[in-house]
Amino acid sequence: MEYFPITVRLQEQQCLIVGGGDIACRKLKSLLKADAKVSLVALDFSDEVIELARKHQLPLHQQAFDKSLVEGNYLIVAATDNQALNQEVSELARQYHIWINVVDDLELSTFIMPAIVDRSPLLVAVSTGGVSPVLARKIREKLEWILPKNLGALLKRLKSFRPSVKKKFQDLKSKRSFSEWYIESAIENPDTLSHDFEEAVALYEGAIDKEGKVFLIGAGPGDPDLLTVKALKVLQKADVVLHDALVSKGILELVRRDATFVNVGKRAKKHSVLQEETNTLLVKYAQQGLSVVRLKGGDPFIYGRGGEELEHLLDAGINYEVVPGITAASGCSSYAGIPLTHREYSQTVMFITAHCKRSEDTLNWKSLAREQQTVVVYMGLLRNDVLVEQLIKHGRSGNTPIAVIENGTLPQQRVFTGRLQQLPELVKAHDIVSPSLIVIGEVASLANKLDWFKHSQLIKGDEASLNNQALKNFEDTIKEAV
Ligand SMILES: C[S@@+](CC[C@H](N)C(=O)[O-])C[C@H]1O[C@@H](n2cnc3c(N)ncnc32)[C@H](O)[C@@H]1O
């Protein structure tokens, strides 16, 4: 950290500005906002500086700079276009251990002024270490837009509530719960600020859930930007987060820092035990009155055992809410440039899982092998040979385009395209690993054309073995259509 950020109290502190033009005027306005006692020295002063000096009764020294003006100041700003003078002021200030800012000259400065979002008493200061004041200003503009205007009033209210909050809420948890509720309510509805403490407490007591609650949240396929706004809100208030192994690090970083994290995905081989343990933990934490998040990859209701977990909560009498997520089929195919349906080539999309012997027996292969539809296979890597064999046996052409998307939506995403009959060799040849999604159907070939995700690696399968003229014609049609 090249610069250490601090906020300095300047009330009644003597400050000197060397210069009298527009830039000096800007610095003067900033210092006046902090109630500093400012004097200025320059040969000439702009009309605005003269007006401000008159209004605030500031001494203006209309003269050449004189070193006798330096001593006794808390800080000095040199805002002249005279390099030699700036240098002299800087050297003198350092000699007297006075903080000095020379406008646009980092070398001569011992402090720099950040861009500020002022919601006093809340201040947000943005500094680029003097590298790019323009960038700092741009960020400030964004923050100005994002931060509610009533934050200053809110902080003043919180300050006045402080003694009553301390008295009313004895333990840390209830104190924090009230503060969180109050801040959120005031941001969403500024009328909250008009209530006195007793009224605010009454509203709070009516609003909060006295019991714990479980939020079953879908984290999406990996890219943290695919999280829903609602999921983000809940994650930032969570007391405990029970997450699967598939949930990406980037998403876990969005959870409230002091939440307890439990990785319930680690022991994935012992499925039934794991699920029971997870259910027990969910109930245990919720019964402690906590806000519990059950965070799952993709959408919790698609191959996520979300239903089973909710049934368990229902039986235990625990409150719950579901926040859907973007399922892998949707997220990964989008990031691979594969539209799952296409008006002319695929009117149906089916999500299946084919990772165990049971799926092999229970799946309706005849209907899965139909033309004009897309089949998305979750957890299909392990038994991909059976998948191919069954689909071809039930009538799907071995030349049907396929795509395998590994680590979809993440920077390490790889997309492999080829033909249905090539799937096993594709998986083997490229060491494709989990998590991977298999897309079967004519639309898969569109990845070669519509791929857009800049991190993605698109690997086209060997097409030399193709002899299906109908398929080639189809591809030509697609190329024309896109
Ligand atoms: C247990 S299922 C969970 C599915 C999840 N609930 C959803 O809606 O996406 C896990 C499978 O989803 C697929 N999957 C999840 N995330 C993926 C990703 N980022 N890339 C590729 N496949 C993914 C893989 O087939 C993986 O084996």
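This is a dialogue about how to read several features of a predicted model.

Biologist: Let us begin with the empty space; what volume does the largest pocket have, and which residues are the closest to its centre?

Modeller: The general idea is that rolling a probe the size of a water molecule over the atoms shows where empty space is left. In this predicted model, the largest pocket has a volume of about 2100 Å³. Its lining is made of 50 residues, and those closest to the centre are Ile-112, Met-113, Pro-114, Ala-115 and Ile-116.

Biologist: Which helices and strands supply at least two residues of that lining, and which gives the most?

Modeller: At least two lining residues come from each of α1 (22-33), β5 (99-102), β6 (115-119), β7 (122-126) and α4 (133-146), and α1 gives the most, namely seven residues. If one reads the lining by domain instead, domain 1 (14-113) and domain 2 (116-127 + 134-149) each contribute at least three residues. By class, the lining holds 27 nonpolar, eleven polar and twelve charged residues.

Biologist: Turning to strands, which way do the residues of β8 point, and are they buried or exposed?

Modeller: In a regular strand the side chains alternate between the two faces of the sheet. In β8 (residues 213-218), Lys-213, Phe-215 and Ile-217 point one way, while Val-214, Leu-216 and Gly-218 point the other way, and all are buried. The strand is therefore described as mostly covered, with six of its six residues buried, since buried means under 20% relative accessible area.

Biologist: Which strands pair with β8, and in what sense do they run?

Modeller: β8 pairs with strand β11 (residues 291-296) in the parallel sense over six bridges, and Lys-213 has Ser-291 of β11 as its bridge partner. Strand β12 (residues 319-323) also runs parallel to β8, joined to β8 by five bridges, and here Ile-217 stands opposite Val-323.

Biologist: How should I read the backbone angles, and where do the unusual values lie?

Modeller: Most residues other than glycine have a negative phi, and most peptide bonds are trans. In this structure, the peptide bond from Ser-120 to Pro-121 is cis, with omega near 5 degrees, and Pro-121 lies in the loop between β6 and β7. A cis peptide bond also joins Ser-434 and Pro-435, with omega about 5 degrees, and Pro-435 belongs to the loop between α16 (423-429) and β17 (436-440). As for phi, Asp-104 has a positive value near 60 degrees and Asn-407 a positive value near 50 degrees.

Biologist: Where are Asp-104 and Asn-407 placed, and why is one called exposed and the other buried?

Modeller: Asp-104 sits in the loop between β5 and β6, and Asp-104 counts as exposed because its relative accessible area is 77%. Asn-407 is found in the loop between β15 (401-406) and β16 (414-419), and Asn-407 counts as buried because its relative accessible area is 15%. The loop between β5 and β6 also holds Glu-107, which is exposed at a relative accessible area of 69%; the C-alpha atoms of Glu-107 and Gln-87, which are 20 residues apart along the chain, are separated by 9.7 Å.

Biologist: How many disulfides does a search of the whole structure find?

Modeller: The search finds zero disulfides. Cys-25, for instance, is in no disulfide, and the nearest cysteine sulfur, that of Cys-15, is 16 Å away, whereas a disulfide needs two cysteine sulfur atoms within 2.5 Å. Cys-25 is buried, with 2% relative accessibility, and Cys-332 is buried too, with a relative accessible area of 5%.

Notes. Residues numbered from 1 in each chain as written. Predicted model: local features only at pLDDT ≥ 70, side-chain atom pairs only at ≥ 80, totals over all residues. Heavy atoms only, no water. Buried < 20%, exposed > 50% of the residue type's maximum accessible area, 1.4 Å probe, protein only. 1 Å grid on protein atoms, 1.4 Å probe; cavity = no way out; pocket = protein on both sides within 12 Å on 5 of 7 lines; lining within 4 Å. Points joined across faces, edges and corners; volume = space filled by probe spheres on them. Helix = DSSP H or I, 4+ residues; strand = E, 2+ residues; numbered from the N terminus. Nonpolar A, V, L, I, M, F, W, Y, C, P; charged D, E, K, R; others polar. Domains from an automatic or database assignment. Pairing = 2+ DSSP bridges.
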